[in-house]
Amino acid sequence: VLMATPLGYLLIRPLDLRFSPSLPDDAGHIVVLAGAEALRQSTQAGRLEVSAAGERVIEGAALARRYPGARIWIVGGIRGENDGRADAEWTANAWTRLGIAPERIVVVDTTRDTCGNAQA
């Protein structure tokens with residue numbers, strides 16, 4: 001019932017609204033998991049196109065601005081069929097276009113799932 005209806009969303013949404021995220025005063029590293037990249041569309045457009053998880057890219061960039069001394073990590077490894085670039089590379093390129101210095105961005109593009117992301 002929770003998966004087939006919006007009941008799960010209706011139950012969790014009040015908690016999302018009740019508890020706002022608490023951010024530290026400083027951060028040395030920001031880790032973003034890939035998965036927001038629409039690889040086929042990105043390859044066709046020649047720039048990052050995002051899926052419904054696009055907030056990962058946006059929030060990563062926002063956190064990079066909030067913590068200008070932090071390194072920002074993008075961890076992924078799924079590669080497009082025609083292009084061969086990893087999902088993490090697409091996001092790193094977009095962040096550079098958004099003004100984040102390339103030397104602050106760490107790309108881990110060898111993982112295929114969340115468990116691998118954590119290990120990397």
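This text walks through the fold, the sheet, the helices and the salt bridges of one protein chain.

The model is predicted. The chain has five helices and three strands. Along the sequence, these elements follow the pattern α-β-α-α-β-α-β-α. Taken along the principal axes, the C-alpha atoms fill a box of roughly 40 × 40 × 30 Å. Of the 120 residues, 33% count as buried. The accessible surface comes to about 8,000 Å². Carbon and sulfur atoms hold 55% of that area. Now take the contacts with a separation of 6 or more: residues 24 or more positions apart account for 62% of them.

Start with the sheet. It is open, with three strands in the order β1-β2-β3, and the pairing is parallel. The edge strands are β1, residues 29–33, and β3, residues 105–108. Each of these two pairs on one side only. On average, neighbouring strands are turned by 20° against each other, direction ignored.

Next come the pairings. β1 and β2 run parallel and are joined by five bridges. In that pairing, Ile30 stands opposite Ile72 in β2. On the other side, β2, residues 71–75, pairs with β3 over four bridges, again in the parallel sense. Here Ile74 stands opposite Val107 in β3. Helix α3, residues 55–66, packs on the sheet and touches β1 and β2. The direction of α3 makes about 175° with that of β1.

Which residues of β1 are on its covered face, and which on its uncovered one? The covered face has Ile30 and Val32. The uncovered face has His29, Val31 and Leu33. Such a pattern has a general background. In a regular strand, side chains alternate between the two faces of the sheet.

After β1, the chain enters a loop that leads to α2, and Ala38 has its place there. Is Ala38 buried or exposed? Ala38 counts as buried because its relative accessibility is 15%, and the cut-off for buried is under 20%. Leaving aside neighbours within four places in sequence, Ala38 is in contact with Glu49, Val50 and Ser51. Trp90 is 52 residues away from Ala38 in sequence, yet their C-alpha atoms are 9.5 Å apart in space.

Trp90 leads to helix α4, residues 87–97, where it is one of the buried residues. The others are Asp87, Ala88, Thr91, Ala92, Ala94 and Trp95. What do the buried residues of α4 pack against? Their partners are β1, α2 (39–45), α3, β2 and β3. Gly99 follows α4 and has a positive phi, near 105°.

Helix α1, residues 7–18, includes Leu15. Leu15 counts as partly exposed because its relative accessibility is 44%. Leu15 also helps to make a nonpolar surface patch of about 720 Å². The other members of the patch are Leu7, Tyr9, Leu10, Leu11, Ile12 and Phe19.

Now the charged side chains. The count comes to five salt bridges. One of these joins Arg47 and Glu49, at 3.2 Å from N to O. Glu49 is also one of the contacts of Ala38. Arg47 has 41% relative accessibility and so counts as partly exposed. Glu49 has 24%, so it is partly exposed too.

A salt bridge also forms between Arg85 and Asp83, with the closest N and O atoms 2.8 Å apart. Arg85 is partly exposed because its relative accessibility is 28%. Asp83 has 30% and therefore counts as partly exposed.

Arg79 and Glu89 form another salt bridge, the closest N and O atoms being 3.2 Å apart. Where do the two residues lie? Arg79 is in the loop between β2 and α4, while Glu89 is in helix α4. This pair, 10 residues apart, links distant parts of the chain. Arg79 counts as partly exposed because its relative accessibility is 38%. Glu89 has a relative accessible area of 23%, so it is partly exposed. The pair belongs to a network of salt bridges that links Arg79, Glu89 and Asp109.

Notes:
Residues numbered from 1 in each chain as written. Predicted model: local features only at pLDDT ≥ 70, side-chain atom pairs only at ≥ 80, totals over all residues. Heavy atoms only, no water. Pairing = 2+ DSSP bridges. Axes fitted to C-alpha atoms, helices over the stretch in contact; angles between N-to-C directions. Contact = heavy atoms within 4.5 Å. Patch = residues over 30% accessible without salt bridge, like charges linked within 9 Å, V, L, I, M, F, W, Y side chains within 5 Å. Areas by Shrake-Rupley, 256 points an atom, 1.4 Å probe, with all protein chains shown as cover. Salt bridge = Lys/Arg side-chain N within 4 Å of Asp/Glu carboxyl O. Buried < 20%, exposed > 50% of the residue type's maximum accessible area, 1.4 Å probe, protein only.
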